[in-house]
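Biologist: I'd like to go through this one with you, feature by feature. Could you show me how you read it?

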Amino acid sequence: MSEALSVAVMVSALKAESQTTNLPAPAPLPLIPKAVLLFDIDGVIRDVSGSYRRAIVETVHHFCGWRPEPAVIDALKGEGCWNNDWDASLELLRRHGHQPLPEREQLVAVFSGHYFGGDPEEDPGSWTGFIGQEPLLVERPFFERLEAAGLLWGFVSGAEPPSARFVLERRLGLSDPPLIAMGEAPDKPDPTGLIRLAEQLSGRPAGAGGVPTLYLGDTVADVITVTRARQRHPQQPYLSLAVAPPHLHNAPSRSAYESALRRAGADQILERTSDLTPDLVERWLQQLG
Ligand SMILES: [Mg+2]
């Protein structure tokens with residue numbers, strides 16, 4: 001398949017912005033895309049050490065007066081089942097011996113107050129919370145390069161939909177990006193959302209004829225999500241890519257964190273998200289055979 005044809009049939013979040021006519025789009029050709037590249041958002045696309053992670057710390061502090069150290073949160077996340085930051089906050093309170101535990105609804109309200117600092121359903125311009133302090137780890141041209149190489153891409157994230165849309169649309173400038181966020185599929189490490197988005201983007205059902213699917217995440221839960229997708233559809237190639245979250249990039253504990261990702265089943269460990277290039281993806285696809 002030529003690269004030009006492959007690109008032409010892609011459902012593109014970039015293309016939508018540059019479309020200048022009202023002519024009906026040509027009928028898609030029945031071509032098979034090379035691969036689907038899916039991304040986690042927090043720790044992969046944006047640095048959340050000063051936002052989501054800080055909201056965990058301040059939420060726990062609000063209820064029990066204790067601020068968990070970053071290493072405590074890393075250890076919890078390393079268990080692979082605390083992808084939801086509300087549940088993670090509640091679990092930290094429980095382990096700290098705080099009694100009685102707050103109602104989940106009450107905890108979510110405190111968490112949102114710190115993170116959004118305003119109504120998540122309202123205009124992001126009115127938000128005053130930690131969400132305003134999220135350095136980006138890639139820029140829009142990163143996705144343009146993947147797209148130009150005939151790779152489909154999208155996002156599978158446990159972040160709340162308004163937060164995920166904020167970073168993808170407002171900060172990165174992506175138009176209607178393919179996204180499955182919190183509440184739109186079972187929480188990771190359940191692979192349902194990952195499998196579904198890969199099917200939607202490629203237009204092919206999962207299984208023997210499924211398109212190779214790569215997922216880049218920063219936690220053990222992200223890696224397990226891929227291994228479970230593989231268990232569900234053993235005949236489809238799934239590749240787990242992992243990267244340490246930015247707050248660990250210069251930390252002594254980085255190599256232990258990466259070893260845990262490898263032990264969980266990560267196929268490739270990246271130095272940073274922006275190291276992911278179409279050439280690297282091509283090389284891994286060739287190795288898959
Ligand atoms: Mg993450």
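Modeller: Let's take confidence, then the sheet, then the helix pairs.

Biologist: Fine. What is the average pLDDT of the chain?

Modeller: This is a predicted model, and the chain averages a pLDDT of 91, with 89% of the residues scoring at least 70.

Biologist: And where does the pLDDT stay under 50?

Modeller: The general idea: where pLDDT is low, don't read the predicted coordinates in detail. Here that applies to residues 1-11, where pLDDT stays under 50 and the model has 21 contacts beyond four places in sequence. Residues 16-20 are also below 50, and that stretch has 3 contacts beyond near neighbours in sequence.

Biologist: On to the sheet. Is the pairing parallel or antiparallel?

Modeller: In general, strands of a sheet pair through backbone hydrogen bonds, and either sense can occur. In this case the pairing is parallel: 6 strands make an open sheet, ordered β3-β2-β1-β4-β5-β6. At the edges sit β3 (179-180) and β6 (268-270), each pairing on one side only.

Biologist: How many bridges link β1 and β2?

Modeller: There are 5, joining β1 (residues 35-39) to β2 (residues 151-156) in the parallel sense. If you want a landmark, F39 stands opposite F155 in β2.

Biologist: Which helix packs on the sheet?

Modeller: That's α12 (residues 278-288), which touches β1, β2, β4 (213-217), β5 (238-243) and β6. The direction of α12 makes about 120° with that of β1.

Biologist: Now helix pairs. At what angle do α5 and α6 cross?

Modeller: For a pair like this, I look at axis distance, angle and handedness. The axes of α5 (residues 85-95) and α6 (residues 104-115) come within 10 Å and cross at roughly 110°, so the two helices are roughly perpendicular to each other. Their crossing is right-handed.

Biologist: Which residues of α5 and α6 meet?

Modeller: From α5, W86, S89 and L90 meet R104, L107, V108 and F111 of α6. By class, that contact has 5 nonpolar, 1 polar and 1 charged residues.

Biologist: How does α3 cross α6?

Modeller: The axes of α3 (residues 52-64) and α6 come within 9 Å and cross at roughly 130°, which makes α3 oblique to α6. This crossing is right-handed. Y52, A55, E58, T59 and H62 of α3 make the contact with L107, V110, F111, H114 and Y115 of α6. Sorted by class, the contact has 6 nonpolar, 3 polar and 1 charged residues.

Biologist: So L107 and F111 of α6 turn up in the contact with α5 and in the contact with α3.

Modeller: Yes, that's how I'd read it too.

Notes:
Residues are numbered from 1 along each chain as its sequence is written. This is a predicted model: local features need pLDDT of at least 70, side-chain atom pairs count only at pLDDT 80 or more; totals for chains, interfaces and linings use all residues. pLDDT is the predictor's confidence in each residue, from 0 to 100. Two residues are in contact if their C-beta atoms, placed from the backbone, lie within 7 Å. Axes are lines fitted to C-alpha atoms, for helices over the stretch in contact, and angles run from 0 to 180 degrees between N-to-C directions. Helices (H or I, at least four residues) and strands (E, at least two) are DSSP runs, numbered from the N terminus. Angles under 35 degrees count as roughly parallel, over 145 as roughly antiparallel, 65 to 115 as roughly perpendicular and the rest as oblique. A crossing is left-handed if the near helix is turned anticlockwise from the far one by less than a right angle, and right-handed if clockwise. Ala, Val, Leu, Ile, Met, Phe, Trp, Tyr, Cys and Pro count as nonpolar, Asp, Glu, Lys and Arg as charged, and the others, Gly among them, as polar. Two strands pair if DSSP finds at least two bridges between them.
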